[in-house]
Amino acid sequence: MSIRSCVTISLVNEARGGPFVYWDDLAGSCKKAKGLGFDAVEIFPPGADAVDSAELRKLLDGEGLALAAVGTGAGWVKHKLQLALPDANDRQKACDFVKSIIDFAGQFGASAIIGSMQGRSGNGVDKATHLGYLIEALDTLGEHARQYGVPLIYEPLNRYETDVANTVAAGVELLDRVGSKNIVLLADLFHMNIEESNVAAALAQGGARIGHIHFVDSNRRAAGFGHTDFVPIVEALQQINYDGYLSAEAFALPNSDAAAKQTIEMFRQLIK
Ligand code: LER
Ligand code: MN
């Protein structure tokens with residue numbers, strides 16, 4: 001395997017203005033992704049039943065694209081669920097929401113991503129309790145993903161979005177406390193630009209724990225539209241033998257087509 005290219009498609013109305021390259025039109029976006037030469041797409045759906053599996057299969061096979069991963073953040077932005085809520089019923093609902101996305105993605109050999117569903121402490125749950133609930137949920141969900149032969153993906157986020165884990169090192173520390181060993185880290189270069197003292201060094205340190213990358217510039221625009229130096233980042237990825245996706249989770253600025261084109265051009269410059 002080698003490092004492969006991927007681009008995000010959001011189907012979530014409530015996430016409008018968020019960092020996704022393509023929006024709304026799944027079939028049209030897959031066609032455009034293929035036209036530019038992307039290897040895969042990452043989908044951010046409103047729920048597991050929002051996309052018909054047979055139709056998606058036809059679409060992916062028709063375009064020769066892989067499904068890299070599926071986001072679970074709609075559980076938060078649409079339903080205000082997260083995995084460490086004070087009420088046990090609500091936690092169960094959040095867990096079931098993520099399980100349904102794991103089941104959907106699993107049919108395609110793809111992983112589900114836990115980002116905003118990790119929540120943050122406060123609102124009646126202190127930090128230790130929050131972590132306890134989250135660790136329990138990650139254990140269940142990591143094992144749930146195992147039946148599909150894929151890991152669950154956990155994403156550290158910057159301090160303005162969570163107080164659970166803000167860096168790759170904190171992500172490793174958290175996963176070390178989870179029983180399931182079927183969980184990998186998502187390194188989002190935007191969050192890392194805010195939180196890490198050295199992005200390349202943090203990736204090198206993360207090593208084999210890193211299973212997915214959100215490929216994006218310092219300002220959350222497409223790679224090359226900000227001030228991140230991607231050369232040492234890619235060197236670090238090669239050093240750790242990273243063989244997953246560089247998935248463009250970036251603002252559709254100046255528009256989707258330009259962000260996608262910029263991303264694939266940058267990818268081709270960096271990955272020979
Ligand atoms: C959120 O900031 C993010 O990076 C997403 O990938 C996870 O919800
Ligand atoms: Mn991300």
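Is Arg220 buried or exposed, and what is its relative accessible area? In this predicted model, Arg220 is buried, with a relative accessible area of 11%. Its salt-bridge partner Asp188 is buried too, at 1% relative accessibility. The closest N and O atoms of Asp188 and Arg220 are 3.7 Å apart. This contact links distant parts of the chain, since Asp188 belongs to strand β7 (residues 183-188) and Arg220 to the loop between β8 (210-214) and α9 (230-239), with 32 residues separating them.

A second long-range pair is formed by Glu195 and Arg159, whose side chains meet in a salt bridge with an N to O distance of 2.9 Å. Here, too, distant parts of the chain are linked: Glu195 sits in helix α7 (residues 189-195), while Arg159 lies in the loop between β6 (152-154) and α6 (168-176), 36 residues away. Glu195 is buried at 14% relative accessible area, whereas Arg159 is partly exposed at 44%.

A local contact, in turn, is found between Glu265 and Lys261, which form a salt bridge of 3.1 Å, N to O. Both residues are in helix α10 (residues 256-270), four residues apart, or about one turn of the helix. Glu265 is partly exposed, with a relative accessible area of 37%, and Lys261 is likewise partly exposed, at 44%.

Turning to the wider picture, salt bridges with shared partners join Glu161, Asp188, Arg220 and Glu249 into one network. The buried Arg220 that opened this section is thus a member of that network. Altogether, the count for the model comes to twelve salt bridges.

Definitions and conventions: Residues numbered from 1 in each chain as written. Chains lettered and ligands numbered in written order. Predicted model: local features only at pLDDT ≥ 70, side-chain atom pairs only at ≥ 80, totals over all residues. Heavy atoms only, no water. Salt bridge = Lys/Arg side-chain N within 4 Å of Asp/Glu carboxyl O. Helix = DSSP H or I, 4+ residues; strand = E, 2+ residues; numbered from the N terminus. Buried < 20%, exposed > 50% of the residue type's maximum accessible area, 1.4 Å probe, protein only.
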